[in-house]
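Biologist: Mind walking me through this one? I'd like to hear the reasoning behind each label.

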Amino acid sequence: MKTLKLDHDLAELVVRGEKTSTWRLFDDKDLTVGDEVQLIDKVGPDNRDTWKLIGTATINEIVQKRLGDLGEADMGGHEKFRSREEMLATYQRYYGVGVSLQTPVKIIRFAFTPRIAGSEDTEILPRSDTVIVYADGGSRGNPGPSASGYALYDDHGTLLISRGSYLGITTNNQAEYTALKLALEEAKVLGARKVDAYMDSMLVINQMRGIFKVKNRDLWPIHDAVKELCKQFERVTFTQVPRELNKLADAAVNEALDKHQADTRVR
């Protein structure tokens, strides 16, 4: 079952029935109406042992808008913001400084079913001390419709997670960096202390290793965000691999792009 993780104060709003929607940028879980997902309260955000399952949410409606277009009518069942500046600062804190008022947002409305007290909890996510990351990104147009994909394995070669995420209009390099960022965030959730990252992008790998300078100003925010994320692990290594060894992440990219294209035709 898919999961959505909430900060502690937001999780308490859900439990009290005061929060029945969540806004998601870069929907890496590819949520759809009818999905049932576990809701996790990140009591101590940096200590996974404190996280707890509070119940399940059945998704009733998904609406996509740009962050700057959200208004009072979209706040129903969601925490309020005093200004657009406060809203933007909040989501830049969650997702990085690359977020702007033009960034697409999914408004996800759900019905909450609390966990029955005393029921047996199951392991929410597998743990792994060392995680192997394969990440890829692509843009059809450069810039154009873009997506990121990643696959995470434990150090025994067992596939833990494989996901693709549609990003909107970006460049190929931005999509590559976003894939790496999403994968590292997922590795953190899995409890990894060490990460070995593999990508076929010579640019991203060599920039993360400090061999190439980041000359493109548009890449500065996402590059800095990934560097900060790396500090949360004991060790992160970066290795370039041929594209044929990165097939699962590449497939996730194309699946996300194809799905978005098909959804656009339906609309």
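Biologist: Which residues form one aromatic cluster with Trp23?

Modeller: Phe81 and Tyr91 join Trp23 in that cluster. Bear in mind that this is a predicted model, where local features need pLDDT of at least 70, side-chain atom pairs count only at pLDDT 80 or more, and totals for chains, interfaces and linings use all residues. Residues are numbered from 1 along each chain as its sequence is written, and side-chain values use heavy atoms, with hydrogens and water left out.

Biologist: Why is the pair of Trp23 and Phe81 called tilted?

Modeller: Rings of Phe, Tyr and Trp (its six-membered ring) pair if their centres lie within 6.5 Å; planes under 30 degrees apart count as stacked, over 60 as edge-to-face and the rest as tilted. The centres of Trp23 and Phe81 are 5.9 Å apart and the planes are at 40°, so tilted it is.

Biologist: And what makes Tyr134 and Tyr198 stacked?

Modeller: Their planes are 20° apart, with 5.2 Å centre to centre. This pair links strand β6 (residues 130-139), home of Tyr134, to strand β9 (residues 194-199), home of Tyr198; strands here are DSSP runs of E, at least two residues, numbered from the N terminus.

Biologist: Is Tyr134 buried, exposed or partly exposed, and why?

Modeller: Buried means under 20% relative accessible area, exposed over 50%, and partly exposed in between (1.4 Å probe, protein chains only). Tyr134 has 23%, so Tyr134 counts as partly exposed. Tyr198, at 21%, therefore counts as partly exposed too.

Biologist: How do you know that Lys188 lies over the face of Phe233?

Modeller: A charge sits over a ring if NZ of Lys or CZ of Arg is within 6 Å of the ring centre and within 35 degrees of the ring normal. Lys188 lies over the face of Phe233 at 5.5 Å from the ring centre.

Technical notes. Helix = DSSP H or I, 4+ residues; strand = E, 2+ residues; numbered from the N terminus.
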